[in-house]
Amino acid sequence: MDLTQSVSPPATAGRAVLAIDAGNSKTDVALVAPDGSVLGTARGGGFRPPVVGSERAVDALAPLVERASLAAGGPGSARIGHVSACLANADLPTEEEELTDALTARRWGAGVTVSNDTFALLRAGVADTGEPTGVAVVCGTGINCAGLGHGGRTARFPAVGRLSGDWGGGGFLSEEALWWAARAEDGRGEPTELARALPAHFGLTTMYELIEGLHLGALKAARRLELTPVLFAVAASGDPVAGAIVARQAEEVVTLATVALTRLGLLAEPTPVILGGGVLAARHPLLDDRIRALLAERAPKAEPRVITAPPVLGAALLGLDRMGAPAGAHARLREQYRRG
């Protein structure tokens, strides 16, 4: 399964895989032996090259690689044959190339493969044998979709926010909830329980207080993400405004999946549609049920699957693919993440 930007020939068999899954909110690193055994892991913060630049973003991975190596028994205990990096914000080919160069310069492994982190979710959800086909939609802090068709064909989206037509993800949903709540309180919009529930989450009584706190910095901007679960709770209570936001998110997820299936010629055959990221993995009933109902209408052959395993599993599986590991290695790796 060659989904990615890569440099250097396939790594020598018998060496470990360094798997990196770097998302907007967190980064996971794993050292994986050729037989699929997890040797060491580490977790750190988000990966944001657009904010700090590619070099600094990759520099921030170094302590995680060192911690994973120490957990595996110390430097030199596992010779790394291939670096399999699935990275947020690697949305365009030029960004993949830049990040590949930055990782290659670190000399962590004999080969480097870089792909968008959506491909980690996709790989975690497809079979380890036979020709892999499927579509993955990740809805975490942001939203993205990638698909793999027959003959290695891929479908993907730029996924750089509203500029590229995106709608949804936890960050967007929290902003949408704030927008509707603010207008409800001052009379510009429809009444909604969000106007009470959002400030109440922070111990406040009005949207005015919440707006002031966020605008002046008394509440850190990152805390807006805490409001996404509040939105879903209000929607579950029957609030029509919150419910409409959740319904729109379901629409976007299914639209992405259906477009990718169509572009890959997979709409008429049974195909896994893999759903992951914090928003989808939470299995909010309103969202989950609506996604499945819309898929049944628009892509009846689609087989929705929610993946809750850490996406670094997919990055590691891609690394084992690259190394030519036997199927038993893939099964062993999956079992370890299933248990843990």
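This briefing walks through a few features of the structure above, one topic at a time. The model is predicted. Among its features are an open sheet of five strands, a pair of helices whose axes come within 9 Å, and two aromatic pairs. A closer look at Asp28, a residue in strand S3, rounds off the tour.

**The five-stranded sheet**

- Reading across the open sheet, the strands come in the order S9-S8-S7-S10-S11, and their pairing is mixed.
- The edges are taken by strand S9 (154–156) and strand S11 (302–306); each has a single partner strand, so one side of each has no neighbour in the sheet.
- On average, neighbouring strands of this sheet are turned by 15° against each other, with direction ignored.

**Strand S7 and its partners**

- Strand S7 covers residues 134–139, and it pairs with strand S10 (residues 271–276) in the parallel sense, over four bridges.
- Two places to look along S7 and S10 are Val138, which stands opposite Gly276, and Val135, which stands opposite Val273.
- With strand S8 (residues 143–148), S7 runs antiparallel, and six bridges join the two.
- Val135 has a bridge partner in S8 as well, namely Gly147.
- S7 and S8 make a hairpin, with three residues between them.
- How many of the residues of S7 are buried? Six of its six residues are, which leaves the strand mostly covered.
- In a regular strand, side chains alternate between the two faces of the sheet.
- In S7, one side carries Gly134, Ala136 and Val138, the other carries Val135, Val137 and Cys139, and all of these are buried, so both faces are covered.

**Two helices in contact**

- A pair of packed helices is described by the angle between their axes and by the distance between those axes.
- For helix H6 (residues 170–186) and helix H8 (residues 207–216), the axes come within 9 Å and cross at roughly 135°.
- That angle makes H6 oblique to H8.
- From H6, the contact is made by Leu178, Ala181, Ala182 and Glu185.
- From H8, the residues making the contact are Met207, Tyr208, Leu210, Ile211 and Leu214.

**Aromatic rings**

- The count of aromatic pairs comes to two.
- In one of them, the rings of Trp167 and Phe172 have centres 4.8 Å apart and planes at 55°, so this pair is tilted.
- Both Trp167 and Phe172 are buried.
- Trp179 and Trp180 form an edge-to-face pair, with 5.1 Å from centre to centre and 80° between the planes.
- Are these two tryptophans, Trp179 and Trp180, buried or partly exposed? Trp179 is partly exposed because its relative accessible area is 43%, and Trp180, at 23% relative accessibility, counts as partly exposed too.
- A ring can also have a charge above it: the charged end of Arg263 sits over the ring of Phe157, 5.0 Å from the ring's centre.

**A closer look at Asp28**

- Asp28 is found in strand S3, which covers residues 27–32.
- Its relative accessibility is 7%, so Asp28 counts as buried.
- Which residues does Asp28 touch, leaving aside those up to four places away in sequence? They are Ala19, Ile20, Asp21, Ala42, Arg43, Pro310 and Val312.
- Between Asp28 and Ala250 there are 28 Å in space, C-alpha to C-alpha, and the two are 222 residues apart in sequence.

Conventions: Residues are numbered from 1 along each chain as its sequence is written. This is a predicted model: local features need pLDDT of at least 70, side-chain atom pairs count only at pLDDT 80 or more; totals for chains, interfaces and linings use all residues. Side-chain values use heavy atoms; hydrogens and water are left out. Rings of Phe, Tyr and Trp (its six-membered ring) pair if their centres lie within 6.5 Å; planes under 30 degrees apart count as stacked, over 60 as edge-to-face and the rest as tilted. Buried means under 20% relative accessible area, exposed over 50%, partly exposed in between (1.4 Å probe, protein chains only). A charge sits over a ring if NZ of Lys or CZ of Arg is within 6 Å of the ring centre and within 35 degrees of the ring normal. Two strands pair if DSSP finds at least two bridges between them. Axes are lines fitted to C-alpha atoms, for helices over the stretch in contact, and angles run from 0 to 180 degrees between N-to-C directions. Angles under 35 degrees count as roughly parallel, over 145 as roughly antiparallel, 65 to 115 as roughly perpendicular and the rest as oblique. Contact means heavy atoms within 4.5 Å.
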